[in-house]
Amino acid sequence: MNRIMHRAASLPPQRRLADSNKARRRSLVSLTPLIDVVFILLIFFMLASSFLDWRAIALNAPAPAGSASPMEGALLVEVMPDRLRLAGETLSLDALAERVGRRVAQAPDRRVVIKPARGVSLQQTVQVLDRLTLAGAANLSLVRDR
C-alpha cells in the first residue's frame, strides 16, 4: 500500500490529474438509457391495459309534458336513498326486478320510468337500471326529481 501511494506521489502533477479524471469518467453512469427504457415501459403498459369497463346504457328521453299518451301505462320506479318503490309500493331490488320482468313479459314495449330522488348516488341508479335491463325491460326512461 505504501508503494502505491509512493508511486502516485512520484508522478508528475499532470499525470495524477489525468489519472483522477479517467477514474471519475468511468464512475459516471449515463441516465439517458435508463430514462428511455422507463418511458418505453410506461407507454407499453398504458397501451396494453384497460382502466375502465365502459358500457353504454340506452335511455329514452321522456315525452314532452303536453303529450301524456306515451306515459300511459308506464311503470314508475322511484329510487330513494334507503328504498325502492314501484307504483308507490316499497320493494327490494330482487322483488322489483321480478315484478317489472313479469309486467314487461306481458307487454314487451311497456315503458319503465326510473325517478331517482335527491341524494341518490349515480351508482345506485345504475345498479337499478342494470337489474331492470337483466329482467327484460328494454324501454327505460330516466327522469329527475323536481
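Mentor: Let's start with a definition: a helix here is a DSSP run of H or I with at least four residues, and helices are numbered from the N terminus. Leu 47 sits in one of them, helix α3, which covers residues 32-48. Please keep in mind that we are looking at a predicted model.

Trainee: Thanks! How many helices and strands are there in the protein chain?

Mentor: The protein chain has five helices and five strands. Read from the N terminus on, their order is α-α-α-β-β-β-α-β-α-β.

Trainee: Back to Leu 47, then. Why does Leu 47 count as exposed?

Mentor: Exposed means over 50% relative accessible area. Leu 47 reaches 71% relative accessibility, so Leu 47 counts as exposed. Leu 47 also belongs to a nonpolar surface patch of about 650 Å², together with Phe 39, Ile 40, Leu 42, Ile 43 and Met 46.

Trainee: What makes Leu 47 fit for such a patch?

Mentor: A patch residue needs over 30% relative accessible area and no salt bridge, and Leu is on the list of nonpolar side chains. With its 71%, Leu 47 passes the area cut-off.

Trainee: What about the chain as a whole: what percentage of the residues is buried?

Mentor: Of the 146 residues in the protein chain, 21% are buried. The cut-off for buried is under 20% relative accessible area. Glu 78 has 15%, so Glu 78 is buried.

Trainee: Which residue does the side chain of Glu 78 meet in a salt bridge?

Mentor: The partner of Glu 78 is Arg 85, at 3.0 Å from N to O. That counts as a salt bridge because the limit between a side-chain nitrogen of Lys or Arg and a carboxyl oxygen of Asp or Glu is 4 Å. Arg 85 has a relative accessible area of 22%, so Arg 85 is partly exposed. The whole structure has five salt bridges.

Trainee: Which parts does the salt bridge of Glu 89 and Arg 99 tie together?

Mentor: Those two side chains meet at 2.7 Å, N to O. Glu 89 lies in strand β3 and Arg 99 in helix α4, so the pair links parts that are 10 residues apart in sequence.

Trainee: And how do you know that Asp 94 and Arg 131 meet in a salt bridge?

Mentor: Their N to O distance is 2.5 Å, and the limit is 4 Å. Asp 94 is in helix α4 and Arg 131 in helix α5, so this pair ties together parts 37 residues apart in sequence.

Trainee: Those two helices again! Why are α4 and α5 called oblique to each other?

Mentor: Two packed helices are described by the angle between their axes and the distance between the axes. The axes of α4 (residues 93-106) and α5 (residues 122-134) come within 9 Å and cross at roughly 40 degrees. Under 35 degrees would count as roughly parallel, and 65 to 115 as roughly perpendicular. The angle falls in neither range, so α4 and α5 are oblique. The crossing of α4 past α5 is right-handed.

Trainee: One last residue: what is noted about the phi of Ala 87?

Mentor: Phi of Ala 87 is near 55 degrees, which is a positive value in a residue other than glycine. Ala 87 lies in the loop between β2 (84-86) and β3 (89-91). Its relative accessibility is 65%, so Ala 87 counts as exposed.

How values were computed: Residues numbered from 1 in each chain as written. Predicted model: local features only at pLDDT ≥ 70, side-chain atom pairs only at ≥ 80, totals over all residues. Heavy atoms only, no water. Patch = residues over 30% accessible without salt bridge, like charges linked within 9 Å, V, L, I, M, F, W, Y side chains within 5 Å. Areas by Shrake-Rupley, 256 points an atom, 1.4 Å probe, with all protein chains shown as cover. Buried < 20%, exposed > 50% of the residue type's maximum accessible area, 1.4 Å probe, protein only. Axes fitted to C-alpha atoms, helices over the stretch in contact; angles between N-to-C directions. Parallel < 35°, antiparallel > 145°, perpendicular 65-115°, else oblique. Left-handed = near helix turned anticlockwise from the far one by under 90°.
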